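User: I should like a close look at a single part of this structure. Please set that part in the context of the whole chain.

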Amino acid sequence: MAGSEPGVRAVRPGPRVQRVCLSPAAEELLERLAGMHGPLMFHQSGGCCDGSSPMCYPRGEFRVGSGDVLLGLVGRDTPFWISASQYGYWKHTHLTVDVVPGRGSGFSVEAPEGVRFLIRSRLFTDEELTRLETEPPLPSGRTEHPEG
């Protein structure tokens with residue numbers, strides 16, 4: 001191919017590499033919770049205690065910070081945000097939101113249900129990593145909510 005560098009493969013344009021998804025159990029729970037609370041959002045921080053668990057809030061009740069990164073949408077249209085510092089640690093992994101019995105944080109909407117969301121992860125494949133290198137940066141709280 002004219003103008004291409006030796007050893008560099010052309011990558012076909014297409015949808016972004018999926019960075020986050022739901023297990024079937026988490027998808028079912030999210031649907032039920034959305035029926036009770038309306039549109040929801042996830043936020044994954046890197047804090048202590050329950051900070052390592054994804055928190056689920058009614059959309060608009062958690063203020064996304066300018067450094068937060070939007071990993072993608074899960075379920076029908078639920079945004080999944082992650083703190084910039086946590087993204088730095090996990091940017092090479094695919095995250096799956098799952099649900100397990102037990103009590104999580106009292107602030108997350110699933111807590112009264114006697115279950116909690118939890119993250120399972122795997123490393124991206126070499127093919128996914130190659131595709132990720134060609135993708136534009138992910139949206140951040142700064143780009144999605146420039147008013148602050």
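The request and a connected answer follow.

User: Where is Phe 62 placed, and with which residues is Phe 62 in contact, leaving aside its neighbours within four places in sequence?

Analyst: The model is a predicted one, and the description below begins with the setting of this residue. Phe 62 lies in the loop that runs between β3 (55-58) and β4 (69-74). Its relative accessible area is 26%, so Phe 62 counts as partly exposed; the buried class is reserved for values under 20%. When neighbours within four places in sequence are set aside, the contacts of Phe 62 are Met 41, His 43, Tyr 57 and Asp 68. For one of these, Met 41, the C-alpha atom is 8.4 Å from that of Phe 62, with the two positions 21 residues apart along the chain.

As to the whole chain, 4 helices and 7 strands are present, arranged along the sequence as β-α-β-β-β-β-α-β-β-α-α. Of its 148 residues, 41% are buried. Among contacts with a separation of 6 or more, 62% join residues 24 or more positions apart. The accessible surface of the chain is about 8,900 Å², and carbon and sulfur atoms contribute 54% of that area.

The cysteines Cys 21 and Cys 56 may be added for comparison. Cys 21 has a relative accessible area of 18% and is therefore buried; Cys 56 is likewise buried, at 0%. With sulfur atoms required to lie within 2.5 Å, the chain has 0 disulfides.

Methods. Residues numbered from 1 in each chain as written. Predicted model: local features only at pLDDT ≥ 70, side-chain atom pairs only at ≥ 80, totals over all residues. Heavy atoms only, no water. Helix = DSSP H or I, 4+ residues; strand = E, 2+ residues; numbered from the N terminus. Buried < 20%, exposed > 50% of the residue type's maximum accessible area, 1.4 Å probe, protein only. Contact = heavy atoms within 4.5 Å. Areas by Shrake-Rupley, 256 points an atom, 1.4 Å probe, with all protein chains shown as cover.
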